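This report describes selected features of a predicted model. It covers a surface patch, salt bridges and the packing of two helices.

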Amino acid sequence: MTRPQITVRRASWLLLIVLIAGCGTTKMTDSPRAATEMLLVSQAVDMAVAKIDFTPLSGQPVFLDTTSLEKDVVDKGYVISLVRQQLLAHGALLQEERPRAVYVVELRAGALGTDRHSVMVGTPAVSLPSVVPGLPTSIPEIALAKKNDQRGVAKIGVFAYNRITGRAVWQSGTVEATSQIKDTWFFGAGPFTRGTIRQRTELAGEPLPTFPTDLFGGKGEKDAPPVSGGTAKEQFFPNNAAPAPQLPAPAALMGVTGAPILTNTPLLR
């Protein structure tokens, strides 16, 4: 077999391998809500709930009432779980059944959502009427500088009352918290992104390198505040193995009503 014949055979094999090899495609999808929006809302909730001190309910059997939260509240499940965690972290004894609790903690949300504000210096995109066929009818945006700010807002409140007597015991007061992210463009370059949900300034999603600016008499870039208040790090609670105190028996099961229910019932001071 001559050398040209060997070369032709090798080329035939390579062509056969190329024809046999298949091709694949990757389907790219987006979630219904943007991740940035979800981070802004959840971080605002984290910071708001972290401001609530549930210490007055420490050691008391409580039931968390979430019926005041409307069904269409954004991230309702996250808010409820976070408040439950905060109650447990402050020593409250959560009860799954309302009759087993002495105190009822009612949760409400006044605001959970995001706001957006944009400013641009330049010429916005303009659509012109078609006068001459073939000529473009739209002028693209020409921005010398552009800024887009988005803010997450959370307004939460809780209060507690004695389930048996119906008397008010404690209220947290209204707590509010905001998170933010800022996108900036200069002469078409950007976005330069910074905010509470970013650890450092980013350019088009990639962290910018930090420079030792202290050589020039200044300070380096500071890290952004923690993305959540009191829930971002792992923590073990030292009293997790302590025995639970004796809980009051439901009055309906004992067939007792009226004043005797209050016998030996711990009251919050």
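## Nonpolar surface patch

In this predicted model, the side chains of V121, L144, F186 and F187 form a nonpolar patch on the surface. Together these residues have about 450 Å² of accessible area.

One member of the patch, F186, belongs to strand β8, which spans residues 175-186. F186 has a relative accessible area of 45% and is therefore partly exposed, since that class lies between the limits of 20% and 50%.

## Salt bridges: R33, E37 and D75

The structure contains 6 salt bridges. One of them joins R33 to D75, with the closest N and O atoms 2.8 Å apart. This pair connects distant parts of the chain, the two residues being 42 residues apart. R33 is in the loop between α1 (3-20) and α2 (35-50), while D75 is in the loop between β1 (61-65) and α3 (76-89).

R33 is partly exposed, at a relative accessible area of 24%. A network of salt bridges links R33, E37 and D75.

## Salt bridges: D115 with R151, and K147 with D149

D115 and R151 also form a salt bridge, in which the closest N and O atoms are 3.3 Å apart. Here, too, the pair links distant parts of the chain: D115 lies in strand β3 (residues 103-123) and R151 in strand β6 (residues 142-162), 36 residues apart. Both partners count as partly exposed, D115 at 41% relative accessibility and R151 at 40%.

A further salt bridge brings together the side chains of K147 and D149, with an N to O distance of 3.8 Å. K147 counts as partly exposed at 33% relative accessibility, whereas D149 is buried at 18%. The assignment of D149 follows because buried means under 20% relative accessible area, and D149 has a value of 18%.

## Packing of α2 and α3

Two packed helices are described by the angle between their axes and the distance between the axes. For α2 and α3, the angle is about 30° and the axes are 10 Å apart. The angle makes α2 roughly parallel to α3, because angles under 35 degrees fall in that class.

The crossing in which α2 passes α3 is right-handed.

Key. Residues are numbered from 1 along each chain as its sequence is written. This is a predicted model: local features need pLDDT of at least 70, side-chain atom pairs count only at pLDDT 80 or more; totals for chains, interfaces and linings use all residues. Side-chain values use heavy atoms; hydrogens and water are left out. Patches are made of residues with over 30% relative accessible area and no salt bridge: like charges are joined within 9 Å, nonpolar side chains (Val, Leu, Ile, Met, Phe, Trp, Tyr) within 5 Å. Accessible areas come from the Shrake-Rupley method with a 1.4 Å probe; for residues, only the protein chains shown count as cover. A salt bridge is a side-chain nitrogen of Lys or Arg within 4 Å of a carboxyl oxygen of Asp or Glu. Helices (H or I, at least four residues) and strands (E, at least two) are DSSP runs, numbered from the N terminus. Buried means under 20% relative accessible area, exposed over 50%, partly exposed in between (1.4 Å probe, protein chains only). Axes are lines fitted to C-alpha atoms, for helices over the stretch in contact, and angles run from 0 to 180 degrees between N-to-C directions. Angles under 35 degrees count as roughly parallel, over 145 as roughly antiparallel, 65 to 115 as roughly perpendicular and the rest as oblique. A crossing is left-handed if the near helix is turned anticlockwise from the far one by less than a right angle, and right-handed if clockwise.
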